[in-house]
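Q: Could you take a close look at one part of this protein for me? I would like to follow how its charged side chains pair up.

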Amino acid sequence: MSNYTVERIKVATPDKVELMPKVFKPNEEIKDNLVVVLVHPYSILGGRQALLKGIASGLAENGHRAVTFDMRGVGESTGRASLTGFAEVKDVIAVCNWVSEHLDSHRILLVGSSAGAPIAGSAVDQIGQVVGYVSLGYPFGMMASILFGRHHKAILQSSKPKLFVMGTRDGFTSVKQLNNKLSSAAGRNEIYLMEGVSHFEMEGPAYDAEMVKLILKFISSLQDM
């Protein structure tokens with residue numbers, strides 16, 4: 001028997017897209033009012049909220065509320081997925097606004113996986129309640145930048161605390177490219193490299209527990225600020 005519950009909700013965006021998030025809630029005492037909102041990988045390549053269930057449930061088991069959602073055009077969410085992810089930024093903002101209003105939370109941690117990282121990154125400074133950002137495999141590389149390059153500026157200029165997690169065998173971004181991008185980034189920026197791990201390996205369930213540990217550690221650092 002799990003020590004968390006899952007609630008299905010509906011969230012409407014300003015452009016009339018209906019999203020279908022899930023809220024993972026601890027059965028025991030909630031540790032604080034911070035809520036983690038997770039943004040799934042690239043919709044066009046099969047990204048969906050189910051891929052983040054392991055991380056969301058792990059956070060809930062450790063006392064933190066977590067929210068996953070299918071972005072537009074995925075699963076039961078209406079609308080159409082975009083190629084570059086800019087329409088999906090509206091989805092992230094709408095879900096965070098719902099969290100702030102309905103979960104009585106004024107502190108949100110945005111976590112983006114793969115292409116969800118640039119999408120979440122573009123939303124960070126558009127949401128006052130966001131206090132930090134975690135990227136799991138941000139696609140900074142040259143080929144990925146054809147699609148997501150216009151998202152880079154928003155997160156690199158944000159002064160909010162940021163953690164970038166990446167495998168050293170990531171096929172989209174090299175360690176050198178990651179370091180070069182973050183060398184001029186504003187605010188506090190942390191890097192955690194997973195030795196010998198590829199991009200899609202890190203997305204898999206085998207690494208969910210490790211991702212949960214890293215996110216929990218980052219949350220603790222935010223509380224110390």
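A: Here is a walk through the charged pairs around one helix, followed by a charged residue without a partner.

This is a predicted model, in which local features need pLDDT of at least 70 and side-chain atom pairs count only at pLDDT 80 or more, while totals for chains, interfaces and linings use all residues. Residues are numbered from 1 along each chain as its sequence is written, and side-chain values use heavy atoms, leaving out hydrogens and water.

Let's start with Asp91, which forms a salt bridge with Arg72, their closest N and O atoms being 2.8 Å apart (a salt bridge is a side-chain nitrogen of Lys or Arg within 4 Å of a carboxyl oxygen of Asp or Glu). Asp91 lies in helix H2 and Arg72 in the loop between E5 and H2, so the pair ties together parts 19 residues apart in sequence. (Helices, H or I with at least four residues, and strands, E with at least two, are DSSP runs numbered from the N terminus.) Asp91 is buried, at 0% relative accessible area, and Arg72 is buried too, at 5% (buried means under 20%, exposed over 50%, partly exposed in between, with a 1.4 Å probe and protein chains only).

Next, Lys90 meets Asp15 in a salt bridge of 3.7 Å, N to O. Asp15 is partly exposed at 32%, and Lys90 is partly exposed at 41%. Shared partners join Asp15, Arg72, Lys90 and Asp91 into one network.

Finally, Arg65, in strand E5, is buried yet has no salt bridge. Its nearest side chain of opposite charge, Asp32, is 6.4 Å away (Lys and Arg count as positive, Asp and Glu as negative; His and the chain ends are not counted).
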